[in-house]
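Open your viewer, get the selection tool ready, and let's take a walk through this model together. Each stop tells you what to pick next and what is waiting there.

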Amino acid sequence: MNERPEELKKLSAIATDLGFNADLRTKAIEQMGNTNSQEALLALLDLAANDQLTVRERELALKQAQKIIRSTQSK
């Protein structure tokens with residue numbers, strides 16, 4: 001259980017590190033969406049609010065957050 005928050009921290013750090021290329025940051029955001037947890041949802045919403053990311057990355061973070069919300073509503 002403790003591995004998931006650590007993994008999310010690492011993915012979030014990759015997603016916000018502008019030193020990495022956009023493809024790597026995008027893959028990190030997508031992977032966070034696949035985690036499908038409340039922690040991931042909150043982390044994705046933080047990314048969506050980060051104005052240093054590109055609009056495309058922020059929109060992807062919102063899309064992944066919506067995916068998590070939809071999956072929890074169907075349970």
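Before we set off, keep in mind that this is a predicted model.

**Stop 1: the nonpolar core**

Begin inside, with the largest nonpolar core, which has 17 residues. Select Ala15, Ile29, Met32, Leu44, Leu47, Ala61 and Ile68, the members with the most contacts inside this core. Now colour by helix: H1 (3-16), H2 (22-35), H3 and H4 (55-73) each supply at least two residues of the core. Which helix gives the largest share? That is H3, with 6 residues.

Stay with Ile68 for a moment and show its surroundings. Neighbours within four places in sequence aside, Ile68 is in contact with Met32, Gly33, Asn36, Ser37, Ala40, Leu41 and Leu44. Two of the residues you just selected, Met32 and Leu44, are on that list.

**Stop 2: down the axis of H3**

Next, select residues 38-48, which make up helix H3. Colour Ala40, Leu41, Ala43, Leu44, Leu47 and Ala48, which are buried. Turn the view until you look down the axis: the buried residues of H3 fall within an arc of 165°, so they line one face of the helix. What sits on the face turned away from that buried side? There you will find the exposed residues Gln38 and Asp46.

From the buried set, pick Leu41 in H3. Leu41 has a relative accessible area of 17%, and it counts as buried because the cut-off is under 20%. Leaving out residues up to four places away in sequence, Leu41 touches Ala65, Ile68 and Ile69. For a sense of scale, draw a C-alpha to C-alpha distance from Leu41 to Gly19: they are 22 residues apart in sequence and 24 Å apart in space.

**Stop 3: a patch on the surface**

Leu45 also lies in H3, but with a relative accessible area of 39% it is partly exposed. Add Leu42 and Leu62 to the selection. Together with Leu45 they form a nonpolar patch on the surface, with about 260 Å² of accessible area between them.

**Stop 4: the salt bridges**

How many salt bridges should you look for? The count comes to 2.

For one of them, select Lys9 and Glu6, whose side chains meet with 3.5 Å from N to O. Both are in helix H1, 3 residues apart, which puts about one helical turn between them. The general rule is handy here: an α-helix has 3.6 residues a turn, so residues three or four places apart point the same way. Lys9 is exposed at 53% relative accessibility, while Glu6 is partly exposed at 41%.

For the other, select Glu57 and Arg25, where the N to O distance is 2.8 Å. Glu57 belongs to helix H4 and Arg25 to helix H2, so this pair ties together parts that are 32 residues apart in sequence. Are these two buried or exposed? Both Glu57 and Arg25 are buried.

**Stop 5: the loop between H1 and H2**

Keep Arg25 on screen and add Leu18, found in the loop between H1 and H2. Leu18 is partly exposed, with a relative accessible area of 46%. Setting aside residues up to four places away in sequence, Leu18 touches Arg25, Gln52 and Leu53. Try the C-alpha to C-alpha distance between Leu18 and Gln52: the two are 34 residues apart in sequence and 8.5 Å apart in space.

**Stop 6: two buried polar residues' surroundings**

Select Gln64 in helix H4. Gln64 is buried, with a relative accessible area of 7%. Apart from its neighbours within four places in sequence, Gln64 is in contact with Ile29, Glu30, Gly33, Asn34 and Leu44. Ile29 and Leu44 will be familiar from the core at Stop 1.

Finish with Thr35 in helix H2. Thr35 is buried as well, with a relative accessible area of 10%. With residues up to four places away in sequence left out, Thr35 touches Arg4, Leu8 and Ala40. Ala40 takes you back to H3, where it is one of the buried residues.

Definitions and conventions:
Residues numbered from 1 in each chain as written. Predicted model: local features only at pLDDT ≥ 70, side-chain atom pairs only at ≥ 80, totals over all residues. Heavy atoms only, no water. Patch = residues over 30% accessible without salt bridge, like charges linked within 9 Å, V, L, I, M, F, W, Y side chains within 5 Å. Areas by Shrake-Rupley, 256 points an atom, 1.4 Å probe, with all protein chains shown as cover. Salt bridge = Lys/Arg side-chain N within 4 Å of Asp/Glu carboxyl O. Helix = DSSP H or I, 4+ residues; strand = E, 2+ residues; numbered from the N terminus. Buried < 20%, exposed > 50% of the residue type's maximum accessible area, 1.4 Å probe, protein only. Core = buried A, V, L, I, M, F, W, Y, C linked by side-chain atoms within 4.5 Å. Contact = heavy atoms within 4.5 Å. Arc of directions from axis to C-beta.
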